[in-house]
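Good morning, and thank you for making time for this presentation. Please look at the sequence and the structure as they appear on the screen.

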Amino acid sequence: MNKIVDYLVNERKQKYEVAMKIVTPLEKHDDIRSEFEYWLEKREYLQDNPIVIEGYSAKDISKLAPFMDGVGVYNFMVTLRERPESGKKIIADGFKRK
């Protein structure tokens, strides 16, 4: 089991099937997955040369959406990469939660 799935199943108490759905978008982007694995090990966001997508680093997203943990932040980074207009609208709307 990879580090991310292990974290989701053992720490977040997700069912394996749910963990696999959560990890799938991260697996498509090696750089985002790798930086998330750094977060898993250190429980802090990469400071030196972090990934920046549409002008935002993971640390920036965590400050804008403090209710998100690492998995939420890095999945949002995938959203910014794959659907930048949607991601920027979510940011502009202040990460409104239903």
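I shall speak about two helices, the largest pocket, the salt bridges and a few single residues.

First, a word on the basis of what I say. This is a predicted model, in which local features need pLDDT of at least 70 and side-chain atom pairs count only at pLDDT 80 or more, while totals for chains, interfaces and linings use all residues. Residues are numbered from 1 along each chain as its sequence is written, and side-chain values use heavy atoms, with hydrogens and water left out.

Let me begin with helix α5, which covers residues 70-82. Helices here are DSSP runs of H or I with at least four residues, numbered from the N terminus. The expected span of a helix is 1.5 Å times one less than its number of residues. For the 13 residues of α5 that gives 18 Å, and the end C-alpha atoms are indeed 18 Å apart.

How enclosed is α5 by the rest of the structure? Ten of its 13 residues are buried, so the helix is largely enclosed. Buried means under 20% relative accessible area, exposed means over 50%, and partly exposed is in between, with a 1.4 Å probe and protein chains only. Among the buried residues of α5 are Gly-70, Val-71, Tyr-74, Phe-76 and Leu-80. Their cover includes α1 (3-11), α2 (16-27), α3 (30-42), α4 (58-64) and α6 (84-92), where contact means heavy atoms within 4.5 Å.

One residue of α5 deserves a closer look. Thr-79 is placed in this helix and counts as buried, at 12% relative accessibility. If residues up to four places away in sequence are not counted, Thr-79 touches Pro-84 and Gly-87.

Thr-79 also brings us to the largest pocket, as it is one of the lining residues. A pocket is defined on a 1 Å grid over the protein atoms alone, as an open set of points where a 1.4 Å probe fits, with protein on both sides within 12 Å along at least five of seven lines; lining residues have an atom within 4 Å of a point. The largest pocket holds about 270 Å³ of space, the volume being the space filled by probe spheres set on the points, with grid points joined across faces, edges and corners. Which helix gives the most to the lining? It is α5, with four residues. The full lining also includes Phe-67, Ile-90, Phe-95, Lys-96 and Arg-97. By class, five lining residues are nonpolar, three are polar and three are charged. In this scheme Ala, Val, Leu, Ile, Met, Phe, Trp, Tyr, Cys and Pro are nonpolar, Asp, Glu, Lys and Arg are charged, and the others, Gly among them, are polar.

I turn now to helix α3. It has 13 residues and reaches 18 Å from its first C-alpha to its last, close to the 18 Å expected. Its buried residues are Ile-32, Arg-33, Glu-35, Phe-36, Glu-37, Trp-39 and Leu-40, and what covers them includes α1, α2, α4 and α5.

Phe-36 lies in α3 and is buried, with a relative accessible area of 0%. Leaving aside neighbours within four places in sequence, Phe-36 is in contact with Ile-4, Tyr-7, Leu-26, Gly-70, Val-71 and Tyr-74.

Next come the salt bridges. A salt bridge is a side-chain nitrogen of Lys or Arg within 4 Å of a carboxyl oxygen of Asp or Glu, and by this rule the count is eleven. In one of them, Glu-11 pairs with Arg-43, with the closest N and O atoms 2.8 Å apart. Glu-11 lies in helix α1 and Arg-43 in the loop between α3 and α4, so the pair ties together parts that are 32 residues apart in sequence. Glu-11 is partly exposed at 47%, and Arg-43 is partly exposed at 40%. Arg-43 also takes a positive phi of about 55 degrees, just after α3.

Within α3, Arg-33 forms a salt bridge with Asp-30, at 3.4 Å between the closest N and O atoms. These two are three residues apart in the helix, and are separated by about one helical turn. Arg-33 is buried, with a relative accessible area of 18%. Salt bridges that share partners join Glu-27, Asp-30, Arg-33 and Glu-37 into one network.
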